[in-house]
Amino acid sequence: MAKIGERLFSSPLAEDLVGGQSRIELTGGRRLLIEDHRGILEYTDSLLRVALRRGQVRVTGDDLRLTALTLRELAVSGTIRAIELEGEG
């Protein structure tokens, strides 16, 4: 019988987790979670630019607020109008 870790790393889900890709999750246009970021490049209440392992993400909106920040994840809330990826691939 395979161990849990062995099953995870043989699944397609593991490719996202181990493949060096950042994860960006938008919930209802009001909350954005970015995993595996490399730091904040610019932050105002209408613009957030975040460095990723491969490029950067630019988030524009209204009343943007950084609600969580760790070395691995960040969360922002507000009215998110656009998300642009540069260099991720």
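**Pairing strands and charged pairs**

User: Which residue in strand 6 stands opposite R31?

Analyst: In this predicted model, the residue of strand 6 that stands opposite R31 is S77. Strand 2 and strand 6 are joined in the antiparallel sense by 5 bridges.

User: What makes strand 2 and strand 6 count as a pair?

Analyst: Two strands are called paired when at least two bridges are found between them, and strand 2 and strand 6 have 5 bridges, so the condition is met. The test can also be put to strand 1 (residues 23-27) and strand 2, which pair antiparallel over 5 bridges, with L26 standing opposite L32 of strand 2. Between strand 1 and strand 2 there is a hairpin with 3 residues between the strands, and in this hairpin G28 takes a positive phi near 60 degrees.

User: Which strands are called the edge strands of the sheet, and why?

Analyst: The sheet is open and has 6 strands in the order 1-2-6-5-4-3, with antiparallel pairing. Strand 1 and strand 3 are the edge strands, each of them pairing on one side only. Direction ignored, neighbouring strands are turned by 40 degrees against each other on average.

User: How do you know that strand 3 is paired with strand 4?

Analyst: Strand 3 (residues 37-43) and strand 4 (residues 47-52) run antiparallel and are joined by 5 bridges, and since pairing asks for at least two bridges, the two strands qualify. Among the facing residues, H37 has L52 of strand 4 as its bridge partner, while E42 stands opposite R49. A hairpin of 3 residues leads from strand 3 to strand 4.

User: What makes the contact of E42 and R49 a salt bridge?

Analyst: The term asks for a side-chain nitrogen of Lys or Arg within 4 Å of a carboxyl oxygen of Asp or Glu. For E42 and R49 the N to O distance is 2.9 Å, and because this value lies within 4 Å, the contact is called a salt bridge. Both residues are partly exposed: E42 has a relative accessibility of 32%, and R49 has a relative accessible area of 22%. Elsewhere, D36, R38 and R53 are joined into one network by salt bridges that share partners.

User: How do you know that R72 and E35 form a salt bridge, and what does the pair tie together?

Analyst: The closest N and O atoms of R72 and E35 are 4.0 Å apart, and because the limit is within 4 Å, the contact is counted. R72 lies in the loop between strand 5 (55-69) and strand 6 (73-86), and E35 lies in strand 2 (residues 31-35), so the pair ties together parts that are 37 residues apart in sequence.

User: Why is E35 called buried, and R72 partly exposed?

Analyst: Buried means under 20% relative accessible area and exposed means over 50%, with partly exposed in between. E35 has 15% and is therefore buried, whereas R72, at 44%, falls in the range between and is partly exposed.

User: What do R53 and D36 tie together?

Analyst: Their side chains meet in a salt bridge of 3.5 Å from N to O. R53 lies in the loop between strand 4 and strand 5, and D36 in the loop between strand 2 and strand 3, so the pair ties together parts that are 17 residues apart in sequence. R53 is partly exposed at 43%, while D36, at 12%, is buried.

User: Why is strand 2 described as largely enclosed?

Analyst: In strand 2, 4 of the 5 residues are buried, so the strand is largely enclosed by the rest of the structure.

Notes. Residues numbered from 1 in each chain as written. Predicted model: local features only at pLDDT ≥ 70, side-chain atom pairs only at ≥ 80, totals over all residues. Heavy atoms only, no water. Helix = DSSP H or I, 4+ residues; strand = E, 2+ residues; numbered from the N terminus. Buried < 20%, exposed > 50% of the residue type's maximum accessible area, 1.4 Å probe, protein only. Axes fitted to C-alpha atoms, helices over the stretch in contact; angles between N-to-C directions.
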